[in-house]
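Hello,

Here is the structure I promised to pass on to you. Have a look at it first, and then read on for what turned up in it.

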Amino acid sequence: MEPISHVFMAFMDIFLDALPFMILGVLLSTIVENFIPEGVIQRMTPKHPLGGVLFACVLGIMFPLCECGMIPFVRRLMRKGMPVYIAVIFILVGPILNPIVFASTWMAFRDNPAMAYSRMGLTFGVALVIGFLLTRFLKSNPLRHPIEPAAASLTHHHNHDHDHKHDHSHAHDHSHNHKHHDHGHDHHGHNHAHGGSQLMTMVSHGSSELFEMSKYLMLGALLTALIQTFVAQDSLSAIGQGAFISHVFMMGFAYMLSLCSTTDAFVAVSFAKSFSPGSLLAFLVFGPMIDVKSTLMMLSIFKARFVLTLSIVVAITVLTGSLLFMHFFLT
């Protein structure tokens with residue numbers, strides 16, 4: 001009975017610590033989804049590659065989305081004309097370079113705040129490296145299917161509506177006089193219904209994203225609690241203090257857990273006694289960039305070869321960066 005109690009207590013500690021940040025992330029994601037015009041982003045996109053990389057990093061601050069909602073949002077931005085390399089960088093670093101993730105990491109590592117700054121710094125460094133490689137070597141279109149421009153979609157929709165209205169023009173003329181006196185009342189009802197519909201859409205979006213994110217958080221918290229309870233600390237310490245293997249292990253662990261970036265710091269800090277700070281940093285940076293769920297979502301819009309190559313390059317960059325941060329900044 002004692003091991004089960006230990007698993008339950010460890011699970012609840014991790015889950016309850018992370019829950020407020022997850023709810024805050026869902027709330028902001030819902031606001032972004034419903035109130036921020038995508039055309040604003042397209043007009044602000046720089047033309048110079050370096051400016052594009054910096055812009056992708058700033059987007060994470062402007063739109064603090066979890067990786068769970070990143071792919072659909074980026075797909076819409078590409079329809080508005082965002083370059084592919086900026087979209088890819090935003091997918092990778094957007095879930096980390098935002099104030100919610102910084103706050104959650106700071107709270108989780110209260111005894112070692114350098115971890116929060118190192119997480120942001122390494123993420124920015126990865127953005128610069130990947131941005132340079134994309135602008136230098138990406139020659140072919142990595143998209144699985146062509147992204148239909150929003151203007152073309154709008155034109156198609158307009159033509160369809162025009163044809164539809166033309167076909168029903170006779171019925172419209174016939175019924176116009178009968179409905180003329182109720183026009184004002186119907187307009188008021190339409191606005192009321194539209195407002196109610198938008199509210200329901202927001203509630204639906206927020207609840208579905210909260211449910212989706214909480215599944216991964218609960219799974220991650222449970223697996224972490226099981227590992228802490230049943231895996232001997234000596235075994236974890238043997239892996240965790242290795243100069244190289246600890247980083248590789250935690251990156252693989254992050255890939256499999258697929259935690260949300262707003263909550264993964266509370267899982268990482270639970271391994272602070274067994275693993276080196278550098279390996280925890282690798283966990284915190286690699287996981288939000290490349291994990292099981294983000295790989296599947298990226299495969300929905302990018303070619304498999306591009307996703308595989310990108311994952312390998314990101315893994316090498318994060319591994320190298322975390323080793324360097326461990327040597328120069330983390331103790």
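Before the details, one definition: the expected span of a helix is 1.5 Å times one less than its number of residues. Please also keep in mind that this is a predicted model.

Helix α14 is a good place to apply that rule. The helix covers residues 277–289, and for its 13 residues the expected span is 18 Å, which agrees with the 19 Å between its end C-alpha atoms. Is α14 enclosed or open to the outside? Buried residues make up 13 of its 13, so the rest of the structure largely encloses α14.

Helix α16 passes the check as well: its 25 residues should span 36 Å, and the end C-alpha atoms are 36 Å apart, which agrees.

Now the overall picture. The protein has 16 helices and 0 strands. Of its 331 residues, 44% are buried. The exposed surface comes to about 17500 Å², with carbon and sulfur atoms supplying 68% of it. Among contacts with a separation of 6 or more, 85% are between residues 24 or more positions apart.

The UniProt record, an unreviewed entry, places the feature "transmembrane region" at eight stretches of the chain, among them residues 265–286 and 306–330. The model treats these two stretches in its own way in each case. Over 265–286 the chain is 64% helix and 0% strand, with the end C-alpha atoms 12 Å apart. Over 306–330 the chain is 92% helix and 0% strand, and there the end C-alpha atoms are 33 Å apart.

Next, the interior. The largest nonpolar core holds 86 residues, and those with the most contacts inside it are Leu92, Phe283, Met289, Phe302, Val314 and Val318. Helix α5 (residues 84–93) gives the largest share of this core, 10 residues. Which residues does leucine 92 touch, leaving aside neighbours within four places in sequence? Leucine 92 is in contact with Ile130, Pro288, Met289, Ile290, Leu310 and Val314.

Leucine 310 belongs to helix α16 (residues 304–328). Its relative accessibility is 6%, so leucine 310 counts as buried, the cut-off being under 20%. Beyond residues up to four places away in sequence, leucine 310 touches Val88, Leu92, Ile130 and Met298. From leucine 310 to isoleucine 290 the C-alpha distance is 9.2 Å, with their positions 20 residues apart in sequence.

The buried residues of α16 include Phe306, Val307, Leu310, Ser311, Val314 and Phe325. Which helices do the buried residues of α16 pack against? They pack against α5, α7 (114–137), α12, α14 and α15 (292–299).

Helix α12 also carries tyrosine 255. At 26% relative accessibility, tyrosine 255 counts as partly exposed. Leaving aside neighbours within four places in sequence, tyrosine 255 is in contact with Phe286, Ile290, Asp291, Val292 and Thr295. Tyrosine 255 and valine 292 are 37 residues apart along the chain, yet their C-alpha atoms are separated by 5.9 Å.

The loop between α12 (245–257) and α13 (264–268) deserves a look too. Serine 258 sits in this loop. Most residues other than glycine have a negative phi. Serine 258 is not a glycine, but its phi is positive, at about 55°. With 2% relative accessibility, serine 258 counts as buried. Serine 261 is found in the loop between α12 and α13 as well, and at 0% relative accessibility serine 261 also counts as buried. A polar atom of the serine 261 side chain lies 2.6 Å from the backbone oxygen of proline 95.

One last loop residue is threonine 45, placed between α2 (38–44) and α3 (49–62). Is threonine 45 buried or exposed? With a relative accessible area of 11%, threonine 45 is buried. Not counting residues up to four places away in sequence, threonine 45 touches Phe55, Pro83 and Ile86. The C-alpha atoms of threonine 45 and glycine 81 are separated by 9.1 Å, and the two residues are 36 residues apart along the chain.

Happy browsing, and best wishes

Definitions and conventions. Residues are numbered from 1 along each chain as its sequence is written. This is a predicted model: local features need pLDDT of at least 70, side-chain atom pairs count only at pLDDT 80 or more; totals for chains, interfaces and linings use all residues. Side-chain values use heavy atoms; hydrogens and water are left out. Helices (H or I, at least four residues) and strands (E, at least two) are DSSP runs, numbered from the N terminus. Buried means under 20% relative accessible area, exposed over 50%, partly exposed in between (1.4 Å probe, protein chains only). Contact means heavy atoms within 4.5 Å. Accessible areas come from the Shrake-Rupley method with a 1.4 Å probe; for residues, only the protein chains shown count as cover. UniProt positions are given in the numbering used here, feature names are shortened, and annotations may be inferred rather than shown by experiment. A nonpolar core is a set of buried Ala, Val, Leu, Ile, Met, Phe, Trp, Tyr and Cys residues joined through side-chain atoms within 4.5 Å. A polar contact is a pair of N or O atoms within 3.5 Å; within protein, one must be able to donate a hydrogen and the other to accept it, and residues adjacent in sequence count only if both atoms are side-chain atoms.
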